[in-house]
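Me: Please take a close look at one helix of this model and the loop residue that follows. I would like the backbone details with the cut-offs stated.

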Amino acid sequence: MFRREKRQDVRSASHAGSWYTDDGDELANELSGWLNKVQGTDPPYPIAGCKAVIAPHAGYSYSGPAAAWAYKSIDTVGIKRVFILGPSHHLYLNGCALSGCKDMRTMRLMSTLIPAISELRDTGKFESLDIDDDEAEHSLEMHLPYVRTIFKGMDISIVPIMVGAISQQSESAYGQLLAPYLAREDTFCVVSSDFCHWGTRFSYTYYYPEPEPSNEPGIRLSRTVPPSDAHPIHESIGRLDHEAMEILTLPSSSASEVHVDFAKYLSRTKNTICGRHPIGVLLGALTALEESKDVHPTIKWVRYEQSSACETIRDSSVSYASAWIKF
């Protein structure tokens with residue numbers, strides 16, 4: 001007998017029609033258009049052996065073009081399962097959580113089956129998301145249309161994991177837990193993160209008074225502390241983000257050293273990189289793989305953009321960066 005679908009069984013495309021179009025044909029054209037504009041990479045796309053990407057999750061009118069640089073890099077050969085690690089913007093989590101749904105809607109009628117993830121639940125390390133909290137979050141959903149586009153026609157399953165405000169130690173622990181899955185040839189990982197959220201609306205006005213190579217420390221701008229005429233705010237934001245991106249570039253050092261250096265950078269600058277904890281979990285997984293599999297990861301940044309060019313304290317912007325990872 002046909003069983004009526006329960007709301008808690010299926011996560012709706014709750015941000016379609018606002019953060020991205022709910023017209024399937026229009027959405028497909030937008031995604032393919034952005035992907036087709038990605039050119040001139042070295043090595044050429046797709047990146048052979050690419051095992052993960054870091055990509056933004058803002059509304060597509062802002063971050064869609066930047067995200068294409070990450071998704072164009074994906075080598076889809078042999079992939080059967082895609083993990084998506086995203087931050088929690090609305091729900092406080094002192095850990096990580098798994099969706100309680102069985103299916104996820106995206107691109108209108110297309111649905112993606114979430115596989116049985118009992119092994120992760122059985123660890124006792126994951127919370128289960130309520131349907132309302134699940135649908136309120138955008139950091140995972142914004143990657144589904146791109147995933148379905150890149151893996152079009154392929155039988156893949158998706159494992160979305162919401163990452164809370166966890167410590168560096170917890171990032172390492174969750175990374176160790178996920179490392180055996182990421183080591184499998186049939187498994188890919190998407191890490192969801194925007195970069196600097198700058199402006200009073202984000203309560204973040206960190207600013208470098210002078211451009212590089214100056215070592216003068218950053219300050220907080222305010223109505224009484226304006227920026228220097230010699231260093232526009234948007235250039236300071238770019239320096240701030242690229243400082244993080246440089247730290248997060250491998251093989252400059254080991255993943256474990258990068259994890260420590262990234263934590264120190266965040267403590268010093270308080271940069272509002274919303275996916276800092278999912279990135280930390282990825283670094284924890286790469287550290288575990290370095291130690292257990294003797295792998296040597298590569299992280300390469302391929303795109304950086306800002307939503308607007310801030311000039312005064314009244315302005316605001318969000319930064320978007322894309323990278324690919326292989327190991």
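The request concerns helix α8 and what comes just after α8.

Reply: This is a predicted model, in which local features need pLDDT of at least 70 and side-chain atom pairs count only at pLDDT 80 or more, while totals for chains, interfaces and linings use all residues. Residues are numbered from 1 along each chain as its sequence is written, and side-chain values use heavy atoms, with hydrogens and water left out.

Helix α8 spans residues 255-269; helices (H or I, at least four residues) and strands (E, at least two) are DSSP runs, numbered from the N terminus. From its first C-alpha to its last, the 15 residues of α8 reach 21 Å, close to the 21 Å expected at 1.5 Å a residue. The expected span of a helix is taken as 1.5 Å times one less than its number of residues.

The buried residues of α8 are Ala255, Val258, His259, Phe262, Tyr265, Leu266 and Thr269. Here buried means under 20% relative accessible area, exposed over 50%, and partly exposed in between, with a 1.4 Å probe and protein chains only. These buried residues lie on the same side of α8, because they cover an arc of only 125° around the axis. The arc is that of the directions from the helix axis to the C-beta atoms. An α-helix has 3.6 residues a turn, so residues three or four places apart point the same way.

Several elements cover the buried residues of α8, including the helices α6 (168-182), α7 (233-247) and α9 (276-293). The strands β11 (206-207) and β12 (219-220) are also part of that cover. Contact means heavy atoms within 4.5 Å.

Just after α8 comes Lys270, with a positive phi of about 60°, although Lys270 is not a glycine. Lys270 is in the loop between α8 and α9, and its relative accessible area of 48% makes Lys270 partly exposed.

Another non-glycine residue with a positive phi is Ser203, at about 55°. Ser203 sits in the loop between β10 (197-198) and β11, and is exposed at a relative accessible area of 69%.

The strands that help cover α8, β11 and β12, are joined by a loop that holds Pro213. The peptide bond from Glu212 to Pro213 is cis, with omega near 15°.
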